[in-house]
Each structure stands twice: as structure tokens, then as C-alpha cells.
Amino acid sequence: MRLATIRTGDTTTAARIIGDGRAVALGAEDVGAVLRTGAYEEGEEFTFAPADLAPVIPRPGKIICVGLNYAKHIAEMGHEQPDVPTLFIKFPEALIGAHDDAEVPDFNADALDFEGELAVIIGSRARHATDGAKHIAGYSVINDCSQREYQNRTKQWHQGKSLEKTAGFGPWLDTEWQPGPTITTTLNGEVMQHAPTDDLVFTPAKLVEFISHLYPLEPGDIIATGTPAGVGHARDPKRYLRDGDTVRVEIEGLGAIENTMRVY
């Protein structure tokens, strides 16, 4: 089952996707509300355009990001493989829909980078979890868009990882898809990243277990599981995002997001 948050005029509705551009409205304002309440009522069928897709969960309680979780990316960034997950936080204001433009003021636009990632969406409360998989509602796609200059000013990454209106998130939550197929990130049609989604140092289940021993995870919380090799910052010469660049992140069998950078 695929669940999406779709813009309908001045508001949004949670919906079950039933085909290309076709959905059934659910009795909730977004997918987060569906997961929190565990109840919804199906309504009328309607059509939508790609631009109508809001972030799957517009206001998650927590967005926990994992750094250094693909071995080749760890090597290209010059780090040793970690013994425990490297975590940082992104705020909801960073999220945009699957086909929205990323909007960045020029004073923040000097070293923007793409990071295509698999997103885990929590379906039930996890505290001190020993079976992380049972708390996962499903998966989605996210771009952990990063401002490398700010990120590397200190040892704390957060300031370069949560710029407003930069992180595409969508197109939907898929409750049946499982890690394994490839993730591919393209920049203006050129392949930048390509890797299997199960080639992780820390699996989604293990991430749920580890994080839930730090603080509880609630329905609708997001874990961005890390990015594979190929980011612009690690290239020679470096390839940062410029005004008009389009980043597409696609996970085979799960879906794709495509966002164009707009610098103002």
C-alpha cells in the first residue's frame, strides 16, 4: 500500500495511491495523522498532479539522519567505518515535496550538495526496542541536501544539514517495499550515485533499535539512513549545486523525487 499527503487547494489530505495520478482520500490531513491515530476512513477517488505531492509527512516529530552508513561513501569522505551510527538532526522546515523546487537564498548557496537516501518511517512507538523491524511502517525517498561549508565549520554537522526548503521527501510511504533494490541519484540527467539499498553498515531495523535506546521513536518519525558514494563534495573537482540544477533520487520499486535548485 502506498500512502501520500496530497495538496488540495489550501489544505492537504492523506490518500491511498491507486494508480498513476489517482488516489482515494483518507479521513486525515496527512500521512503522519494516519500513523498516529491508526484509523482512517476512505472517501472519494480523485486525481492529482505530481506537483500536488506534499512531503509524505509534512511535520514529523523527529527527523533523525545517519551519516557514514555506506562503506564506499565512508571511504570517499576520508573517515573510518564507525562502530555505532553517526546521528544528526534535521528539522521539518527543511522538507519539500517530491517535485517542489528547493529554494535557497544566495548567502547559503555556495557549497550545496546532494545526498540521495532511503527514508524509514516509524509506524509504532519504539522505546528500548529489540525488534526494530516491527516498528517500521514503510519506506520513502529523501534528499539530505547539505551545505558543506557550514557543515565543516565545526565537528557538529547540523548547521549544514537543515537548510529551509531543501530536502525533497516523497513521493509516498510504501508499506510493502523492502530494502535491496538500487538507489540512483542523477544531476541534470547524469548518474552521480548508484548503490543497493541493503548495502548498509547499520540496517533500518538496527537503526531503530539503537536510536530507541536514546529516546523513544513515535509514529511518523523519520530516519534518513545515509547516502552512498558519489556526492559532489567528494568529487575532483567538487560539483556543488547551482541555480537551475535538477536532482532526481529514485529507488527501484519505491519511487522517485525530483527537485530543481532555485537560488534567490
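These legends walk through several close-up views of a predicted model.

**Figure 1. The whole protein, before we zoom in.** Let's start with the overall picture: the protein has four helices and 18 strands. Its radius of gyration is 17 Å, close to the 18 Å that the globule rule gives for 264 residues, so the protein is as compact as a globular protein of that length. Taken along the principal axes, the C-alpha atoms fill a box of roughly 50 × 45 × 30 Å. Of the 264 residues, 55% are buried. Residues 24 or more positions apart along the chain account for 71% of the contacts with a separation of 6 or more.

**Figure 2. The stretch that carries a domain annotation.** An unreviewed UniProt entry places the annotation "domain: Fumarylacetoacetase-like C-terminal" on residues 62–261. Over these residues the chain is 10% helix and 36% strand. If you look for the two ends of the stretch, you will find their C-alpha atoms 25 Å apart.

**Figure 3. An open sheet of five strands.** Follow the order E8-E18-E17-E14-E15 across this sheet, in which the pairing is mixed. Strand E8 (102–104) and E15 stand at the edges with a single partner strand each, so one side of each is left without a neighbour in the sheet. Neighbouring strands here are turned by 15 degrees against each other on average, direction ignored. At the E15 edge, strand E14 (residues 182–187) pairs with E15 in the antiparallel sense over six bridges. To find your place in this pair, look for Thr-182, which stands opposite Pro-196 in E15.

**Figure 4. Gln-193 and its surroundings.** Staying with strand E15 (residues 190–196), we now zoom in on Gln-193. Is this residue buried or exposed? Gln-193 has a relative accessible area of 1%, and because buried means under 20%, it counts as buried. A polar atom of its side chain lies 2.7 Å from the backbone oxygen of Pro-228. Leaving out residues up to four places away in sequence, Gln-193 touches several others, including Phe-114, Glu-115, Gly-116, Ile-183, Thr-184 and Thr-185. Its contacts also include Thr-227, Ala-229, Gly-230 and Val-231.

**Figure 5. Strand E11 and its two partners.** Strand E11 (residues 136–143) is mostly covered, with eight of its eight residues buried. Seven bridges join E11 to strand E10 (residues 116–122), and the two run antiparallel. Within this pair, Ile-121 stands opposite Gly-138 in E11. E11 also pairs with strand E13 (residues 167–174), again in the antiparallel sense, over three bridges. Here Ile-142 has Phe-169 in E13 as its bridge partner. A handy rule while you look at strands: in a regular strand the side chains alternate between the two faces of the sheet.

**Figure 6. Ser-212 in helix H4.** Now for a helix: Ser-212 lies in H4, which covers residues 204–212. With a relative accessible area of 1%, Ser-212 is buried. Which residues is Ser-212 in contact with, leaving aside its neighbours within four places in sequence? They are Ala-126, Arg-127, His-128, Ala-129 and Leu-217.

**Figure 7. Ala-49 in a loop.** Our last stop is the loop between strand E4 (42–47) and strand E5 (63–67), where you will find Ala-49. Its relative accessibility is 33%, and Ala-49 therefore counts as partly exposed. Arg-7 is 42 residues from Ala-49 along the chain, and 9.5 Å separates the C-alpha atoms of the two.

Terms used: Residues are numbered from 1 along each chain as its sequence is written. This is a predicted model: local features need pLDDT of at least 70, side-chain atom pairs count only at pLDDT 80 or more; totals for chains, interfaces and linings use all residues. Side-chain values use heavy atoms; hydrogens and water are left out. Buried means under 20% relative accessible area, exposed over 50%, partly exposed in between (1.4 Å probe, protein chains only). A polar contact is a pair of N or O atoms within 3.5 Å; within protein, one must be able to donate a hydrogen and the other to accept it, and residues adjacent in sequence count only if both atoms are side-chain atoms. Contact means heavy atoms within 4.5 Å. Two strands pair if DSSP finds at least two bridges between them. UniProt positions are given in the numbering used here, feature names are shortened, and annotations may be inferred rather than shown by experiment. Axes are lines fitted to C-alpha atoms, for helices over the stretch in contact, and angles run from 0 to 180 degrees between N-to-C directions. The radius of gyration is taken over C-alpha atoms; the globule rule is 2.2 Å times the number of residues to the power 0.38.
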